[in-house]
Amino acid sequence: MTRMVLAAWTVSDHCRMLITLGRRHLGEDEIRTPLAPARAEAVATLRRGQREGVFADHLPAPVLAQALEALMPALAEENAACPWADPTGEAAATAFLVAAGVAPPRAALQVQEVIGRVQAAGDG
């Protein structure tokens, strides 16, 4: 999930604009169809995490996925406005994991570990 959020963050500003325009001009149903594979992957990941006790289970995985999906554009919009610049997505990914039910210290550590692995892979 962390890798998915960090990858989405790198294109979040472009996607945010495209999704906003798509919703405005095409309608919500037309936007849901191309996003369905990503949503299905997120739901599967959340279900697996809920079974393993990683993510909160107070909501069914599809509902939690929908809520988290709404969180990303909101974070991207705030980041674009620049009151808290988050160029790497570290804060956004941490917030995302916390919203999914991961304890804040564990979420921050997980994000830092993934960023470290990605950076190490890029160096080698």
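# A walk through a six-helix chain

At 22% relative accessibility, Leu71 counts as partly exposed, because the buried class ends at 20%. That residue sits in helix 4. Setting aside residues up to four places away in sequence, Leu71 touches Ala95, Phe96 and Ala99. Ala95 is 24 residues from Leu71 along the chain, and their C-alpha atoms are separated by 9.0 Å. The model in view is predicted.

Now the whole chain. It has 6 helices and 0 strands. Read from the N terminus, the order of elements is α-α-α-α-α-α. The chain holds 124 residues, and buried ones make up 31% of them. About 7500 Å² is exposed, with carbon and sulfur atoms supplying 61% of that area. Take the contacts between residues at least 6 apart in sequence: 57% of them join residues at least 24 apart.

Confidence comes next. The mean pLDDT of the chain is 85, and 85% of the residues score at least 70. Among the elements, helix 5 (residues 90-99) has the highest mean, 94. Helix 2 (residues 12-25) has the lowest, 66. Where pLDDT is low, predicted coordinates should not be read in detail.

Helix 4 deserves a check of its geometry. It covers residues 61-81, which is 21 residues. At 1.5 Å a residue, that run should span 30 Å. The end C-alpha atoms are 31 Å apart, so expectation and model agree. The buried residues of helix 4 are Ala61, Leu64, Ala65, Leu68, Met72, Leu75, Ala76 and Asn79. They cover an arc of only 115° around the axis, so they lie on the same side of helix 4. An α-helix has 3.6 residues a turn, so residues three or four places apart point the same way. On the other side of helix 4, Ala70 and Ala81 are exposed. After the helix comes Cys82, with a positive phi near 75°.

Look at Ala61, one of the buried residues of helix 4. Its relative accessibility is 3%, so Ala61 counts as buried. What does Ala61 touch, not counting residues up to four places away in sequence? The partners are Val43, Leu46, Arg47 and Gln50. Ala42 is 19 residues from Ala61 in sequence, and the two are 8.5 Å apart, C-alpha to C-alpha.

Charge pairing is next. Side chains of opposite charge can pair when their charged atoms come close. How many salt bridges does a search of the whole structure find? The search finds 1. It joins the side chains of Arg39 and Glu69, at 2.6 Å from N to O. The pair links distant parts of the chain: Arg39 belongs to helix 3 (residues 28-51), Glu69 to helix 4, and they are 30 residues apart. Are the two partners buried or exposed? Arg39 has a relative accessible area of 16%, so Arg39 is buried. Glu69 has 24%, so Glu69 is partly exposed. The 20% limit falls between these two values, which is why the partners get separate labels.

Turn to the N-terminal end. Thr2 lies in helix 1, which covers residues 2-10. With a relative accessible area of 6%, Thr2 is buried. Not counting residues up to four places away in sequence, Thr2 touches Leu97, Gln110, Val111 and Val114. In helix 1, the buried residues are Thr2, Val5, Leu6 and Trp9. They cover an arc of only 95° around the axis, so they share the same side of helix 1. The face turned away from that buried side carries the exposed residues Arg3 and Thr10.

Leu97, one of the residues that Thr2 touches, leads to helix 5. There the buried residues are Ala92, Ala93, Thr94, Phe96 and Leu97. Phe96 is also among the residues that Leu71 of helix 4 touches. Just after helix 5, Gly101 takes a positive phi of about 110°.

Note on methods: Residues are numbered from 1 along each chain as its sequence is written. This is a predicted model: local features need pLDDT of at least 70, side-chain atom pairs count only at pLDDT 80 or more; totals for chains, interfaces and linings use all residues. Side-chain values use heavy atoms; hydrogens and water are left out. Helices (H or I, at least four residues) and strands (E, at least two) are DSSP runs, numbered from the N terminus. Buried means under 20% relative accessible area, exposed over 50%, partly exposed in between (1.4 Å probe, protein chains only). Contact means heavy atoms within 4.5 Å. pLDDT is the predictor's confidence in each residue, from 0 to 100. The expected span of a helix is 1.5 Å times one less than its number of residues. The arc is that of the directions from the helix axis to the C-beta atoms. A salt bridge is a side-chain nitrogen of Lys or Arg within 4 Å of a carboxyl oxygen of Asp or Glu. Accessible areas come from the Shrake-Rupley method with a 1.4 Å probe; for residues, only the protein chains shown count as cover.
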